[in-house]
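Me: I am new to this structure and would like a close look at one part of it. Please take the place where the ligands are held, and then a few residues in the loops.

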Amino acid sequence: MKRIGRIDSAEMFIVKLPLVKPFETSFSVQTHREALLLKITSNDVYGWGESVTSPDPYYSYETNSTAAHIIKEFLVAILMTLKNFSVEEVLHKFERIRGHNMAKAAVENALLDLLARKCELPLFELIGGKSKKIMSGISIGIKENIDDLIESIQIACDKKYQRIKIKIQKGKDIEILKAVRKTFPDIHLMADANADYSYEDSHILKQFDAFNLMMIEQPLSYDDIHLHSLLQKQINTPICLDESIKNLNDAKTAAALGSCRIINIKQGRVGGMTKSKEIQEFCRNNNIKAWSGGMLETGIGRAFNIHLQTLPGFVLPGDTSETSRYFTEDIVDKPVVLEPDGFIKIPEGTGIGVRVVPERLEKFKVYYERIG
Ligand code: OSB
Ligand code: MG
């Protein structure tokens with residue numbers, strides 16, 4: 001087990017990056033990515049982590065403020081009591097704190113980046129992944145009108161994105177899917193409802209079967225697993241769960257009930273890279289396909305998502321898109337770009353392989369606190 005010496009410092013930042021265009025989902029319109037970042041230093045080696053929380057509790061109960069509270073008062077407080085510890089030991093100590101997976105993931109992120117840099121390994125090697133090209137996918141928000149949506153999809157197809165996800169909501173669904181399928185009969189297409197439907201809407205969701213979707217993501221409530229199992233029995237389109245899966249137990253429950261055929265693993269939502277690794281392994285052994293989701297991360301979180309996808313359970317393209325799709329300027333170098341074949345290269349170098357640019361961190365910083 002690889003070990004980290006004493007922690008010398010832990011610093012928390014909040015950066016606020018403007019989005020190229022507002023990102024609309026069934027639960028909010030986002031104009032900025034306000035990200036909570038963590039930098040941990042030990043013996044002159046540092047590691048960066050990003051919390052996937054946002055300022056509001058509309059995707060999950062966690063927010064930047066709750067994550068900052070839990071990180072500062074509990075998680076980093078635990079780290080400061082340890083000497084020469086392994087990441088496994090830290091995660092074990094974190095178990096006492098219930099929930100707050102996004103806060104835990106941010107701390108684990110920073111420790112893994114630090115440890116990989118200390119061992120002079122790229123992160124994917126530290127977590128047991130295999131070097132490969134990463135599949136790309138794009139998540140397109142709800143648009144004002146069909147023409148805007150068609151145009152966005154066309155641009156994504158021209159870039160060779162390997163899968164297109166469109167956000168839908170109740171009432172903005174069948175007509176939209178019909179129009180998209182008419183223009184793009186053959187693309188790998190899926191829809192994400194972000195929990196906007198209820199079980200009583202099954203008759204609407206059944207009609208989705210006509211559009212040959214790869215999957216429908218999180219049609220029902222953010223905390224439901226049971227009703228999804230009833231819905232999955234009535235529709236042919238595979239259900240993919242996102243919000244509902246917060247840990248390995250949820251994945252086991254969903255598999256046992258037949259609530260989904262696919263899981264969107266967001267490392268932040270499930271408490272980090274190690275937990276994600278366990279879930280993808282479970283999926284692989286239980287006939288559930290998995291892919292890596294995103295939360296409009298800065299280049300830090302984006303790099304973690306890329307390294308994660310070197311694990312074998314990630315068999316479908318995720319929400320892994322170019323930096324420029326969300327930001328004109330990001331806080332890290334290098335930005336994520338699509339190769340001409342539509343794949344993404346793993347960032348080179350040790351740790352997560354991207355570098356935080358001090359001037360840009362300064363430019364977008366809205367909060368700073370040394371917490372340990
Ligand atoms: O449901 O997957 C989601 C963004 C913010 C919150 C929830 C979701 C999303 C996305 C975009 O779909 C994913 C990305 O491109 O980072
Ligand atoms: Mg989703």
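Me: Before the ligands, one point about a loop residue: is Asn287 buried or exposed, and what is its relative accessible area?

Reply: This is a predicted model, and what follows describes that model. Asn287 is exposed, because its relative accessible area is 72% and exposed means over 50%. The residue belongs to the loop that runs between α10 (273-285) and β11 (289-292). Its backbone also deserves a remark: Asn287 is not a glycine, yet its phi is positive, at about 60 degrees.

Another asparagine can be described in the same terms. Asn43 is a residue other than glycine with a positive phi, near 50 degrees. Its place is the loop between β2 (29-42) and β3 (45-51). Asn43 has 60% relative accessibility and therefore counts as exposed.

Now the metal site. The magnesium ion is ligand 2, and its protein donors are Asp192 (OD), Glu217 (OE) and Asp242 (OD), which lie 2.1 to 2.3 Å from the ion. Read along the sequence, these donor residues follow the spacing D-x24-E-x24-D. Asp192 and Asp242 thus link distant parts of the chain, being 50 residues apart. Asp192 is in strand β7 (residues 189-192), while Asp242 is in the loop between β9 (239-241) and α9 (248-257). What about their exposure? Asp192 has 0% relative accessibility, so this donor counts as buried. Asp242 also counts as buried, because its relative accessibility is 0%.

Asp242 leads on to the other ligand. Besides being a donor to the magnesium ion, Asp242 has a polar side-chain atom 3.2 Å from an oxygen atom of ligand 1. Two lysines make contacts of this kind as well. For Lys165, a polar side-chain atom lies 3.1 Å from an oxygen atom of ligand 1. For Lys266, the distance from a polar side-chain atom to an oxygen atom of ligand 1 is 3.0 Å. The protein buries 98% of the 390 Å² that ligand 1 exposes when taken alone. Ligand 1 sits in the largest cavity. It is surrounded by 16 residues, and the closest are Ser139, Lys167, Asn194, Leu296 and Tyr326.

Back to the loops, with another aspartate. Asp224 is in the loop between β8 (216-217) and α8 (226-234). This residue is buried, because its relative accessible area is 10% and the limit for buried is under 20%. The side chain of Asp224 is in contact with backbone nitrogens further along the chain. A polar atom of that side chain lies 2.8 Å from the backbone nitrogen of Leu227, and the side chain reaches the backbone nitrogen of His226 at 3.4 Å. For its position relative to Asp319, the two residues are 95 residues apart in sequence, and their C-alpha atoms are 22 Å apart in space.

One peptide bond completes the account. The bond from Asp333 to Lys334 is cis, and its omega is near -10 degrees. Lys334 is part of the loop between β12 (332-333) and β13 (343-344).

Methods: Residues numbered from 1 in each chain as written. Chains lettered and ligands numbered in written order. Predicted model: local features only at pLDDT ≥ 70, side-chain atom pairs only at ≥ 80, totals over all residues. Heavy atoms only, no water. Donors = N, O, S within 2.8 Å, 3.2 Å for Na, K, Ca; no water. Helix = DSSP H or I, 4+ residues; strand = E, 2+ residues; numbered from the N terminus. Buried < 20%, exposed > 50% of the residue type's maximum accessible area, 1.4 Å probe, protein only. Near = heavy atom within 4 Å. Polar contact = N/O pair within 3.5 Å; in protein donor to acceptor, adjacent residues only side chain to side chain. Areas by Shrake-Rupley, 256 points an atom, 1.4 Å probe, with all protein chains shown as cover. 1 Å grid on protein atoms, 1.4 Å probe; cavity = no way out; pocket = protein on both sides within 12 Å on 5 of 7 lines; lining within 4 Å. Sits in = over half its atoms within 2 Å of the grid points.
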